[in-house]
Amino acid sequence: MALKLFNTLARSVQEFAPLDPAGKKVGLYCCGPTVYDFAHIGNWRTFVFADLVRRTLEFSGYDVKHVMNITDIEDKIIQRVRENKTTLREFTGKFETAFLDDLKALNCKEPHVKPHATEYIAEIISLIEKLVARGVAYKAPDGSVYFSIAKYQGCGCHYGQLLKLNFDEMRAGERVSSDEYEKESVADFALWKARVPDDGDIFWPSPFGEGRPGWHIECSAMSMKVLGESFDLHLGGEDLKFPHHEDEIAQSEGATGKPFVKYWLHGAHLLVEGKKMSKSLGNYFTLRDLVAKGFTAREVRYLLLTAHYRETFNFTLDGLTGAKSALARIDECLGKLRDIAAHGRPESQSQITPGEVPFLKESVAISLQDDLNISAAWANVFEWVRSVNRLIVENKIKPEHALYALKDWETTDSVLGIGANAAAEAPTEIIALADARTEAKKAKDFKRADAIRDELKAKGWVVEDSPKGIKLKKL
Ligand code: AMP
Ligand code: ZN
């Protein structure tokens, strides 16, 4: 089955076909964090969604180049640097490190390239020069360089590809210098912002005068530099459709005359307890806030992955408690399979072949290829858990079946990425010690077996003997 995705550009679900003539290589760009604060749980919904897109593409056999920029120069950052009386690098560095730590904790695959806007100033300047040379950008009396929507449209280009815009309200030559504005105030937007006293020492020289780039041009310059003038997929939260992504298209297509991106994917927003997240409502959570409440990043990832990416998702703490028990059901089943795989079940009279253990990976792949139908994918997982549990109760699972099922799970989890329960699962060093103790007991070397038991205890694990073999439990 071919991968199908909802393309905002086409406003419909389309079959995915990469630009690569060999049909193998895929370029994916996801707008990254603006590093002026800790990422909140809404931001994480978008980055976990991007991770699922990448994993689904890889699961479907594509060779993905995943790029996520770090916005380390932008209006809000400058304001915070000024308020905190710090330097740009020190300020953004701290939040970038925190972001990458959280990204890892949520088991998101690290993007292959993470370009920083401040390291692409030369590319940004040369892109603006191209736009000026093509007559679609101009220097205004305030010293800043703006993108001219009227001139761009005059060249037969289309502004408003991702959403319908009403140009009747628009007055020619009206300009907006801020990076964020509503679609009602569509106007010429800033590519290069002339230095003002509030910028302090944050500015770069350029042929247009000292200043700094606007946010939108940063993404056009970085994505095209790393992935080429035309690439396959561009992702972000739905709030980025306008103006950020619309402006990216205008700048890129205005400079190259080529189609910029083939598929635009947008993730819907996350609400908390039914409301927009805000510090004043007390419903603003970072990943760190949730971990401090006793939840794990794994539970957060699972919960963020339970809803379809195009549906608004209502995040609740009760939902997170539900995620804990859903994962426990999966972990319990996997634990039983590992037990059987490792220690066998001598009384098993199974007549079934490994092939009779239900398949998981194919059904999950089919669900995800249908525009990332994650609800169907989880339904496949829990149906599998039920069937495996039933076969275990019926004593039909032999060690080879268990191994087969575990392998199937491992492959499936390469796309879901929920990983193992670190708290419940013994690391290989502990398993090796437990095996050495079993061997010592078999050899009737009880002194050594007891010494190993003590060593395990000192490392925080107890070993319990049962007729079915040993069980390791965390102290
Ligand atoms: P920012 O760091 O503000 O540039 O945002 C990073 C990403 O998070 C962008 O793709 C935003 O669209 C996305 N985002 C921001 N708020 C939310 C939210 N409440 N739910 C989902 N995604 C969000
Ligand atoms: Zn961007």
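Trainee: Hi! How many residues surround ligand 1, and which are the closest?

Mentor: Welcome! Keep in mind that this is a predicted model. In it, 15 residues surround ligand 1, and Gly 42, Asn 43, Thr 46, Asp 239 and Leu 270 are the closest.

Trainee: What does Thr 46 do with its polar side-chain atom, distance-wise?

Mentor: That atom of Thr 46 sits 2.7 Å from a nitrogen atom of ligand 1. Leu 270 has a backbone N or O atom 2.9 Å from a nitrogen atom of the ligand. Then there is Thr 34, where a polar backbone atom is 3.0 Å from an oxygen atom of ligand 1.

Trainee: Cool. How much of the ligand's accessible area does the protein cover?

Mentor: On its own, ligand 1 has 490 Å² of accessible area, and the protein covers 88% of that.

Trainee: And which pocket is that space?

Mentor: The largest pocket is the space taken by ligand 1.

Trainee: Which elements give two or more residues to the shell?

Mentor: Those are helix H1 (41-59) and strand E10 (231-237). H1 gives the largest share, with four residues.

Trainee: How many of the shell residues are nonpolar, polar or charged?

Mentor: Nine are polar, five are nonpolar and one is charged.

Trainee: Switching topic: what does the secondary structure of the whole chain come to?

Mentor: You'll find 15 helices and 15 strands in the protein chain. Its C-alpha trace spans about 90 × 50 × 40 Å along the principal axes.

Trainee: Last one! What percentage of the chain's residues are buried?

Mentor: The protein chain has 475 residues, and buried ones make up 50% of them.

Key: Residues are numbered from 1 along each chain as its sequence is written. Chains are lettered from A and ligands numbered from 1 in the order in which they are written. This is a predicted model: local features need pLDDT of at least 70, side-chain atom pairs count only at pLDDT 80 or more; totals for chains, interfaces and linings use all residues. Side-chain values use heavy atoms; hydrogens and water are left out. A residue is near a molecule or strand if one of its heavy atoms lies within 4 Å of it. A polar contact is a pair of N or O atoms within 3.5 Å; within protein, one must be able to donate a hydrogen and the other to accept it, and residues adjacent in sequence count only if both atoms are side-chain atoms. Accessible areas come from the Shrake-Rupley method with a 1.4 Å probe; for residues, only the protein chains shown count as cover. On a 1 Å grid over the protein atoms alone, a cavity is a set of points where a 1.4 Å probe fits but cannot get out, and a pocket is an open set with protein on both sides within 12 Å along at least five of seven lines; lining residues have an atom within 4 Å of a point. A molecule sits in a cavity or pocket if more than half of its atoms lie within 2 Å of its grid points. Ala, Val, Leu, Ile, Met, Phe, Trp, Tyr, Cys and Pro count as nonpolar, Asp, Glu, Lys and Arg as charged, and the others, Gly among them, as polar. Buried means under 20% relative accessible area, exposed over 50%, partly exposed in between (1.4 Å probe, protein chains only).
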